[in-house]
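Trainee: I would like a close look at a single part of this model, the helix and its salt-bridge partner, with the other charged pairs and buried spots for context. Please take it step by step.

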Amino acid sequence: MAEPDAVVVGAGPNGLAAAITLARAGRSVMVLEASAGAGGGCRTAELTLPGFRHDVCSAIHPLALASPFLREVPLERHGLELVQAPFPLAHPLDDGSAGVLERSVDGTARWLGQDGEAWRRLFGPFAHKGLDLAESLLDPLRLPRHPLLLARFGRLGAQAAARLAGARFGGEAARGLFAGIAAHAMLPLERRPTAGYALLLAALGHTVGWPLPRGGSQAITDALVAHLRELGGEVVCGHEVRSLTELRARTVLLDVTPRQFLRIAGDRLPGGYRRRLARYRYGPGVVKVDWALDGPIPWKAHGCEQAGTVHLGGRLREVVAAEAAVARGEHPERPFTLLAQPSRFDPTRAPEGRHTAWAYCHVPHGSTLEPEITAERIEAQVERFAPGFRERILARHLFGPADLERYNANYVGGDINGGLQDLRQLLTRPVPRLVPWATPLEGVYLCSSSTPPGGGVHGMCGHLAARAALRRRP
């Protein structure tokens, strides 16, 4: 490709989505990726032992089935198969019981005892229109199909998760289940709008499930790359872009966060915009552990063995305390832990009779505490709800915040969401602008998760950035 119409920097899901959107509009597109392979946070590798396939970052993908962009791209034709566990999620408690998110609202209610009817009232309206709700939240440029539903979501979702859970539910199973889902916000649960994260993700669990790709998350990346090449686009890996002056194209889209953009753009950016970008706030980091196991995790609570994701944090107040400690710059002794067990439902992930598991917890941004200390605390949380777990470990692989940033420069300080997603920055990322993907530089756009609608494997940041570019230069 001599000189393409557009260059995309970064071959993560958002960069590939931007390239596909441009290519479908008839533009010639080249994607440049610094790493040896495409995917960003959507890759799979043998991190522990031969034959054990681990998702390097993202593993479970409710937003993949909810994304307006990904739903219209023929990824199945390029080999993508999404696997559904019987239950999207389980949240065990110390007494051996668990709150379980089933695809059915009624099925979930049966696990929650006295709070079953309250769960039905809260999630019934959202579950029936989950895709429409997700479309409205993931694509702010579209007029909502159900404005009253969106208004109801806004009224409830703008609240703090701890407050809404305490007000709606009396039992610990429902309170813990709700709090664990809200903790995906990577914010203190006493802070707004953490309830919104729980409402959306639980509604998607009821509507489309929380699927995992057969063979690993790399399958999503491979299908996106195959479709882009089918459209005539090109992906070049192992090519790090250090300056915008290297790029020769009328349109440039950057799947990078503000910190990298400041470095790549240099003095070309106006002073005021540059200062606002420099004030962009990143969120907590994570410590992530992958395990090769000689058998399935021996959960104590019924329901966990059938769940693709298991949240380990106990009661509402414990989850709240752990996330609040992280926000204060502390490392909780009992961190709220998010665990995926894909090999239970996808036998391609491990040799016969063996299993893989994946877990992470939140830590302060840029944490320098030895990751091994946090990993021990994560394993203690698993052992707490699955006695005998440690005896099944064959090998482990560990990522701390610094490791994650070395792996992917977008994970600044270990932040996997591309920036803090509190109420203010969620609506104005990366800076307040009428077209947030556009920059003051002619033809240059940001398309990473540091732009709306934010983190997750949905491709919408790239898709919306490309649409903005096409409106400027149809």
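Mentor: Start with the cut-offs for accessibility: a residue is buried under 20% relative accessible area, exposed over 50%, and partly exposed in between. The model is predicted. R71 has a relative accessible area of 39%, so R71 is partly exposed. E135, at 5% relative accessibility, counts as buried. These two residues form a salt bridge, with the closest N and O atoms 3.9 Å apart. R71 lies in helix α3 and E135 in helix α6, so the pair ties together parts that are 64 residues apart in sequence.

The helix that carries E135 is α6, residues 130-138, and α6 is mostly covered, with seven of its nine residues buried. The buried residues are G130, D132, L133, A134, E135, S136 and L138. Their cover includes α2 (62-66), α3 (68-71), α5 (116-128), α7 (147-157), α10 (194-207) and α18. Helix α3, the element of R71, is thus named among the cover of α6 as well.

The R71 pair belongs to a wider set, as the structure holds 23 salt bridges. Another of them joins the side chains of R120 and D106, at 2.8 Å from N to O. This pair links helix α5, which holds R120, to helix α4 (residues 105-111), which holds D106, across 14 residues of sequence. R120 counts as partly exposed at 30% relative accessibility, and D106 is partly exposed too, with a relative accessible area of 39%. Helix α5 is also one of the elements that cover the buried residues of α6.

A third pair is D346 and R214, whose closest N and O atoms are 3.6 Å apart. D346 sits in the loop between β13 (337-340) and β14 (355-363), while R214 sits in the loop between β8 (212-213) and α11 (218-230), and the two are 132 residues apart. D346 counts as buried because its relative accessibility is 0%; R214, with a relative accessible area of 31%, is partly exposed. Both residues take part in a network of salt bridges that links D55, E81, R214, D346 and R349.

Helix α18, also listed in the cover of α6, leads to a charged part of the surface. R275, R276, R279, R433, R471 and R472 form a positive patch there. The elements that give two or more residues to this patch are α13 (271-278) and α18 (460-472). R433 comes from the loop between α17 (423-427) and β16 (444-446), and its relative accessible area of 32% makes R433 partly exposed.

Two buried residues complete the context. N14 lies in helix α1 (residues 13-24) and counts as buried at 6% relative accessibility. Leaving out residues up to four places away in sequence, N14 touches D255, C447, S448, S449, H458, G459, M460, C461 and G462. L244 is in the loop between β9 (234-237) and β10 (251-254), and is buried with a relative accessible area of 5%. With the same sequence neighbours left out, L244 touches V252, L254, F261, I264, A265, R268 and L441. The C-alpha atoms of L244 and F261 are separated by 9.2 Å, and the two residues are 17 places apart along the chain.

Conventions. Residues are numbered from 1 along each chain as its sequence is written. This is a predicted model: local features need pLDDT of at least 70, side-chain atom pairs count only at pLDDT 80 or more; totals for chains, interfaces and linings use all residues. Side-chain values use heavy atoms; hydrogens and water are left out. Helices (H or I, at least four residues) and strands (E, at least two) are DSSP runs, numbered from the N terminus. Buried means under 20% relative accessible area, exposed over 50%, partly exposed in between (1.4 Å probe, protein chains only). Contact means heavy atoms within 4.5 Å. Patches are made of residues with over 30% relative accessible area and no salt bridge: like charges are joined within 9 Å, nonpolar side chains (Val, Leu, Ile, Met, Phe, Trp, Tyr) within 5 Å. Accessible areas come from the Shrake-Rupley method with a 1.4 Å probe; for residues, only the protein chains shown count as cover. A salt bridge is a side-chain nitrogen of Lys or Arg within 4 Å of a carboxyl oxygen of Asp or Glu. Lys and Arg count as positive and Asp and Glu as negative; His and the chain ends are not counted. The place of a charge is taken as NZ of Lys, CZ of Arg, CG of Asp or CD of Glu.
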